[in-house]
Amino acid sequence: MTKKHFCYLILAVIISACSTNPYKTTEKAYDQQLKTLENQITSKEAQPIPAAAVVIDTTYAQQLKIVKDTLSKTNSTYLQNGINTEWIGTVNFNLRKPSFVIIHHTAQDSLQQTINTFTKTKTQVSAHYVISENGKVVQMLNDYLRAWHAGNSTWGKVTDLNSCSIGIELDNNGFKPFTEAQISSLVALLTKLKKDYNIPTQNFIGHADIAPGRKQDPSALFPWKTLAEKGFGIWQDEVLEPAPFDFKIEPALRIIGYNTKNLTSAIQAFKLHYIQTDTTSTLDRKTIDTIYSIYKKQVQ
């Protein structure tokens, strides 16, 4: 090898060494943003809710295992066609934000019983918030994380409500009225969530809405009209316009959001939310006109 060739070889090695990671700067930016999001998710500081009595957070970070599993870099993955994926971190990303709020009642006898249920692995159920009869608000999971509250459910074309919603449980056995303090705290919490995540008005719904026939919560005693008046959900017109003669019930319910594979259950779920004094599957004139009223608001 001549001296000239040796110099070219050394130069090539130097250039190669300097260009082994052309994304070093963006990888650093990725790592920094990742750390910021990690801190945001694992922070357990109680957040004030205007007009709410108390906000309590529980210890859950050790159960998440999110830092390593879902917030870290991804190694090369072998694909079936023999290609290995390559990791290059982007600098343009953030956490996913919820777009629905699903309201439940606990069907249990106390706030403490619900907390015990949500802190046992074997139950496989949880929610982001629980609100007691006296208005106390317990937050059990960061808003950005996926709670297990909706189960097998659909709303419109959304088939995984757990991945895009916040679940709120109200301490109520399903047979008694909700307390004024409880609803006051709920409204305060919904006000915060709607502002924080820009949740559409029509996306505040109940467990029964997304799981017709399977769930009945919150019960017919829940004040949906009051919530709708405050901007959380929609409500029918005070004076119902008669539905047209050719108005089709099933497609209208589907457009509103209901799963109509079992039409009887869908009608009952609709009436549980919007009629409440009658939760049978009977399609009387009031029910038909109410469906028409909600349908018109949903498609506006």
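**Exercise 1.** List the residues in contact with Ile-168, leaving aside its neighbours within four places in sequence, then place Ile-168 in the largest nonpolar core.

*Solution.*
Step 1. Contact means heavy atoms within 4.5 Å. By that criterion, and with neighbours within four places in sequence left aside, Ile-168 is in contact with Val-101, Ile-102, Ile-103, His-104, Tyr-129, Ile-131, Leu-186, Leu-189, Leu-190 and Leu-193.

Step 2. A nonpolar core is a set of buried Ala, Val, Leu, Ile, Met, Phe, Trp, Tyr and Cys residues joined through side-chain atoms within 4.5 Å. Buried means under 20% relative accessible area, exposed over 50%, and partly exposed in between (1.4 Å probe, protein chains only). The largest such core has 49 residues, and Ile-168 and Leu-186 touch the most other members.

Step 3. Helix 6 (residues 180-197) gives the most to this core, with seven residues. Helices (H or I, at least four residues) and strands (E, at least two) are DSSP runs, numbered from the N terminus. Apart from the largest core lies another, of seven residues, among them Phe-118, Ala-127, Val-130 and Met-140.

The model is predicted: local features need pLDDT of at least 70, side-chain atom pairs count only at pLDDT 80 or more, and totals for chains, interfaces and linings use all residues. Residues are numbered from 1 along each chain as its sequence is written, and side-chain values use heavy atoms, with hydrogens and water left out.

**Exercise 2.** Locate His-149 and find the polar contacts of its side chain.

*Solution.*
Step 1. His-149 lies in the loop between strand 4 (137-139) and strand 5 (165-170). With a relative accessible area of 5%, His-149 is buried.

Step 2. A polar contact is a pair of N or O atoms within 3.5 Å; within protein, one must be able to donate a hydrogen and the other to accept it, and residues adjacent in sequence count only if both atoms are side-chain atoms. The His-149 side chain makes one with the side chain of His-104 (3.0 Å). Another, of 3.0 Å, joins the side chains of His-149 and Ser-165.

Step 3. Not counting residues up to four places away in sequence, His-149 also touches other residues, including Ile-102, Ser-126, Asn-162 and His-207.

**Exercise 3.** Which backbone features are found at Ala-107 and at the bond joining Asp-217 and Pro-218?

*Solution.*
Step 1. Most residues other than glycine have a negative phi, and most peptide bonds are trans.

Step 2. Ala-107 has a positive phi of about 60 degrees. Ala-107 is in the loop between strand 2 (100-105) and helix 5 (111-118), and is exposed at 51% relative accessible area.

Step 3. The peptide bond between Asp-217 and Pro-218 is cis, with omega about -10 degrees. Pro-218 lies in the loop between helix 7 (207-210) and helix 8 (224-229).
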